[in-house]
Every structure is written in structure tokens, then in C-alpha cells.
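Reader: I am in my first year and still learning how to read a model such as this one. Could you take me slowly through one part of it, and then show me what else is worth a look?

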Amino acid sequence: MDYPDAMPADLAPDAIEPVARPPLTTEDLEPPTDLSLQLPDPEDDKISFSDFQIQIDNAWRVCDRFDLQTDIWRGRILRIVRDREKRSGDGRGTGFLNWLKDREISKSQAYSLIELADSADRLMDQDALEPETLRHFSKRAFVATAKAPAEVQHMVVAAAHQGDRIATNTVRRLTDEWQAATSELLPENIRIKAAEHSLPARYLAPLVREMEKLPEVHQVALREEIEDQPDKETVKQATAQAKFLARYLDAATRVAALDRPELDLEQALEEALRLGSLNLAADLVNQAAQLEQAIAKTYSSWKRVRDLADRLWVDSGASTPHLRNLISCLGTLSSEQVSVPLAGGGDRVVRLQVLEEAEVGAEVEPFPAP
């Protein structure tokens, strides 16, 4: 099955293969019984560059296929062990966790393998994916296929059935084409252009993904914009605008300073759009969200440093002058007046004042010098 490329070769250098690669044979894909591979001699100048690349690529693909099949098997084994533990264990999964520990397998790795096995079984049931067809997938491409929409899975499996080599960019391209041709977020004239390949899917798919994050009112505005001007540049601009809109709207909900009844976030957004400064507004709100999070984390660390310094001061005494001196030096970080010199800033110092509501107006004495 042939699919037209979604990206011209001159715009996708990473997709250009340096040499023509022959189709894999059964011998190429059969894992060697002695776990050895026939690899070319790097010192042999008689082997041409293209032949060297072909031999290395074929060997790598054997490993890739063998790795995928092995991981699916491991996932099925882990799933059986987990299910057995659920049926007859203590109900807390202790037996399964101990089994993993004995084999030096992390819990996250185990469930990742189980998910891979579930995906393989689901694909084989839904699309009649035979074990022989599996050899045409790279491991990453198979995982990407399992996560793709059902319609894309059907297209990928159909291509694999016909002997096409399925790489990750194959799955990505087919997903992009499917989104561009079917998404209701795009106007009809854009979907027609996508189906005709006159408007590359690689431009439309990112727009669809960004529009999915937006409220309907903003989706409608963007849809009308690209419907009026159905060209590549307009789509690229709409994608950037959708990205900044999503960033602005997401960050605005996380900034406590913006939670005020007198502030109309939508009107502020409209004004930023009118000025052509949406990117600046989005970055401002996003940085404000990060700053609030950093301040909250700094406050937690400050409280911890203050508590530890208090406890250590109580435990120390005249017999530990150096320890008390250490605590006193850290007073610039544990007192309500926090001072931090800027690295590489010469004499520049950042000073912060911590005022807890219950202690506003109270003065905290610094730790006395030893």
C-alpha cells in the first residue's frame, strides 16, 4: 500500500534514506539461535559505504524486531503473574512486587511491558495482526500504532500486511493525514485540500492538536480565519495563535494573583489580540504562574531551613562554637529578611522579606553570634 508523503523530501532531511534498502527476508528477521549477528568488518575497505550501511541496518532491524517480540512476551508473563497475585495473593500486590524485585524489574517498567502486551493483543484481535506481520514494525512504531486512533491503526496494519516497513514517522504521517482529513475543527474547504494533498497534513495536524485545547469560542474564530484564507501561511499563523491562546488560558487559571472579580481575562485577551501581542501576554501569564510556584516552593524550603536551624540551635551550646557559627551564618536564609548574593553578579544581592499573616508586625531576632 502506497501513501503519498506528507512532507516534501527537501523539507524532511531526517526522513531521507542515504541508500536504497532491499526488503527484509525471512532470514534477515529470524533471530539467530546463537545470539550473534553477521556484522561487517569496519576495517575492510573493500566494502562500499552503501553495502556497509545496508548490512548494519539489517542487523539493527533484526534486533529491533527481536526486542519488540521479547518485550511483548515479557509483558504477557508479567500480566499473568500480576493476575495470579490478584486472585490468590494478599490483595495488596505484595507477591507481585516481590517477584519484580527478585528479577530487578521496576514497577513502572513492568506496567509499561504489560501495556505493550495489552496493545499487541488488542491490535491482533481488532485488525487480525498476525505474528508474521509484526516483523514489519519497529518497536517504537508498534507502540505508536497502539496509541493511535482506531482508524489510523487500520491503515497502519493494512500497510504492514502488504509488506511495508512501518517506522515511527510512518505512523505519525498517517495520523496527521487522518486528522487533517476528518477533524471537525477544520472547515470543509481545508479538509478537501488535505484530502487532495494540496495543503500538507504536517501543517494541519499541529493546528488540530492546539485547537483541541481551546474553548469553542476560540475554535470558531480560528476556523473562520483559515476558512477565509485556506493557505499554508494562514494555517501556520493560526497554529501559533492557538498555541499562545492555550498557554494563556491554561496559565491564567493557575495564577492566584489573577483571581480577582474586577479582572476580565477574556477582555484582556481580546485587547492583546488587537495589539498583536498575544505571544507577550501568554508568556507573561505563564511566567507569572511559574513565579508563584517558585515562591511557594521557596517558602516551603525557608520554613524547613528555619525549623532545622531552631532545633539545631537548641541542641548546641557553648561546647560547639563552630556549629553555632554555621547556624548564625545561615541566618541570612532562615530569618524573615532573606539575603542571597547573585552568582556572577558582583555585589548584587537579592533581598526578600517573608511576612506570615499571623506574624505581621512581629520582629524576629537573628540568631546571636557565638
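Author: What follows is a close look at one pair of helices, and after that at a salt bridge and a surface patch.

Please keep in mind that this is a predicted model. Two packed helices are described by the angle between their axes and by the distance between those axes. Here the pair consists of helix α8, residues 168-182, and helix α10, residues 201-211, which pack at an angle of about 70° with their axes 8 Å apart. Because angles of 65 to 115 degrees count as roughly perpendicular, α8 is described as roughly perpendicular to α10. On the α8 side the residues in contact are Asp176, Glu177, Gln179 and Ala180, and they meet Ala201, Arg202, Leu204, Ala205, Val208 and Arg209 of α10. Sorted by class, this contact has five nonpolar residues, one polar residue and four charged residues.

Elsewhere, the structure holds 13 salt bridges, and one of them joins the side chains of Arg76 and Asp121, with 2.7 Å from N to O. This pair links distant parts of the chain, since Arg76 belongs to helix α2 (residues 49-88) and Asp121 to helix α4 (residues 107-127), 45 residues apart.

On the surface, finally, there is a nonpolar patch with about 710 Å² of accessible area together, and its members include Val305, Leu323, Leu330 and Leu352. At least two residues of the patch come from each of α14 (278-315), α15 (321-329) and β2 (349-353), whereas Leu330 is placed in the loop between α15 and α16 (331-334).

Key: Residues are numbered from 1 along each chain as its sequence is written. This is a predicted model: local features need pLDDT of at least 70, side-chain atom pairs count only at pLDDT 80 or more; totals for chains, interfaces and linings use all residues. Side-chain values use heavy atoms; hydrogens and water are left out. Axes are lines fitted to C-alpha atoms, for helices over the stretch in contact, and angles run from 0 to 180 degrees between N-to-C directions. Helices (H or I, at least four residues) and strands (E, at least two) are DSSP runs, numbered from the N terminus. Angles under 35 degrees count as roughly parallel, over 145 as roughly antiparallel, 65 to 115 as roughly perpendicular and the rest as oblique. Contact means heavy atoms within 4.5 Å. Ala, Val, Leu, Ile, Met, Phe, Trp, Tyr, Cys and Pro count as nonpolar, Asp, Glu, Lys and Arg as charged, and the others, Gly among them, as polar. Patches are made of residues with over 30% relative accessible area and no salt bridge: like charges are joined within 9 Å, nonpolar side chains (Val, Leu, Ile, Met, Phe, Trp, Tyr) within 5 Å. Accessible areas come from the Shrake-Rupley method with a 1.4 Å probe; for residues, only the protein chains shown count as cover. A salt bridge is a side-chain nitrogen of Lys or Arg within 4 Å of a carboxyl oxygen of Asp or Glu.
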